[in-house]
Amino acid sequence: MPRTGRSRSILFLAGSVAIVALGVAGNTGFDSPLRTIPALLLIALGVAGVTRTTQEYSTTQLRHTAKRWWLLAFATFLPYALATAPASESAAAVGDAFASPVASLVLESVAGATVCCAVSVTVLYGFARYGIHPGRPTPEERVLADGGEE
């Protein structure tokens, strides 16, 4: 059974977020000074994949997508915050479930990946809102079309 465009884009998006998370985990998990460049390359590759999935979105769709990404980033940051910096005894009890180094690394990489993706989609929305968007005239073309000041 062939895959539809929607399921293919969801798989591509999930793979891109996983690549970003792998880059964040690589930068956090290894102590080598050579970890930074491969981690940044993985993060850049994953963020490029995330932004590619939104290339056909309108400005309104980008705004809604950016809101969803920020909600997801907040939701993924909460367990990481409870595990690393509990402020009360009840939060410490919940955080103890994620006290292992592997769980901490996974929580940090997922939270970092969602924040990176949320920032990238927000930047795309900002560009689209101010006229730098595929399919729309550039700001220069709009000024020239209006006659501009001479």
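The accessible surface of the chain adds up to about 10000 Å², and 67% of that belongs to carbon and sulfur atoms; areas here come from the Shrake-Rupley method with a 1.4 Å probe, and for residues only the protein chains shown count as cover. The model is a predicted one, so to speak of local features takes a pLDDT of at least 70, side-chain atom pairs count only at pLDDT 80 or more, and totals for chains, interfaces and linings use all residues. Residues are numbered from 1 along each chain as its sequence is written, and side-chain values use heavy atoms, with hydrogens and water left out.

As for the fold, the chain has six helices and zero strands, giving the run α-α-α-α-α-α from the N terminus on. Helices (H or I, at least four residues) and strands (E, at least two) are DSSP runs, numbered from the N terminus. Of the 150 residues of the chain, 25% count as buried, where buried means under 20% relative accessible area, exposed means over 50%, and partly exposed is in between (1.4 Å probe, protein chains only). Contacts, meaning heavy atoms within 4.5 Å, reach a good way along the sequence: among those between residues at least 6 apart, 68% join residues at least 24 apart.

Helix α2 covers residues 36–52, 17 residues in total, and spans 24 Å from its first C-alpha to its last, close to the 24 Å expected at 1.5 Å a residue. That expected span is 1.5 Å times one less than the number of residues in the helix. Buried in α2 are Ala39, Ile43, Gly46, Val47, Gly49 and Val50. These residues sit on the same side of α2 because they cover an arc of only 155° around the axis, the arc being that of the directions from the helix axis to the C-beta atoms. On the face turned away from that buried side, α2 carries the exposed residues Ile37, Leu40, Leu41, Leu45 and Arg52. Ala44, also found in helix α2, is partly exposed, with a relative accessible area of 44%. The C-alpha atoms of Ala44 and Ile19 are 9.0 Å apart, with the two positions 25 residues apart along the chain.

Arg52 turns up again over an aromatic ring: Arg52 lies over the face of Phe12, at 5.5 Å from the ring centre. A charge sits over a ring if NZ of Lys or CZ of Arg is within 6 Å of the ring centre and within 35 degrees of the ring normal. As for rings against rings, a search of the whole structure finds one aromatic pair. Rings of Phe, Tyr and Trp (its six-membered ring) pair if their centres lie within 6.5 Å; planes under 30 degrees apart count as stacked, over 60 as edge-to-face and the rest as tilted.

Helix α5 (residues 101–129) holds Ser109, and Ser120 has its place in α5 too. Ser109 counts as buried, at 7% relative accessibility, and so does Ser120, at 11%. With neighbours within four places in sequence set aside, Ser109 is in contact with Ala21, Val24 and Ala25. For Ser120, again leaving aside neighbours within four places in sequence, the contacts are Val47, Val50 and Thr51. Val47 and Val50 have already come up among the buried residues of α2.

Ala18, in helix α1 (residues 5–29), counts as partly exposed at 44% relative accessibility. The C-alpha atoms of Ala18 and Ser109 are separated by 9.3 Å, although the two residues are 91 apart along the chain. Ile10 lies in α1 as well and is partly exposed, at 44% relative accessibility. From Ile10 to Thr53 the distance is 8.6 Å in space, C-alpha to C-alpha, and 43 residues in sequence.

Helix α3 (residues 59–84) includes Pro79. The helix has 26 residues and reaches 37 Å from its first C-alpha to its last, close to the 38 Å expected at 1.5 Å a residue. Its buried residues include Leu62, Thr65, Ala66, Trp69, Ala73, Thr76 and Tyr80. Pro79, at 25% relative accessibility, counts as partly exposed. Pro79 and Ser104 are 25 residues apart along the chain, and their C-alpha atoms are separated by 9.4 Å.
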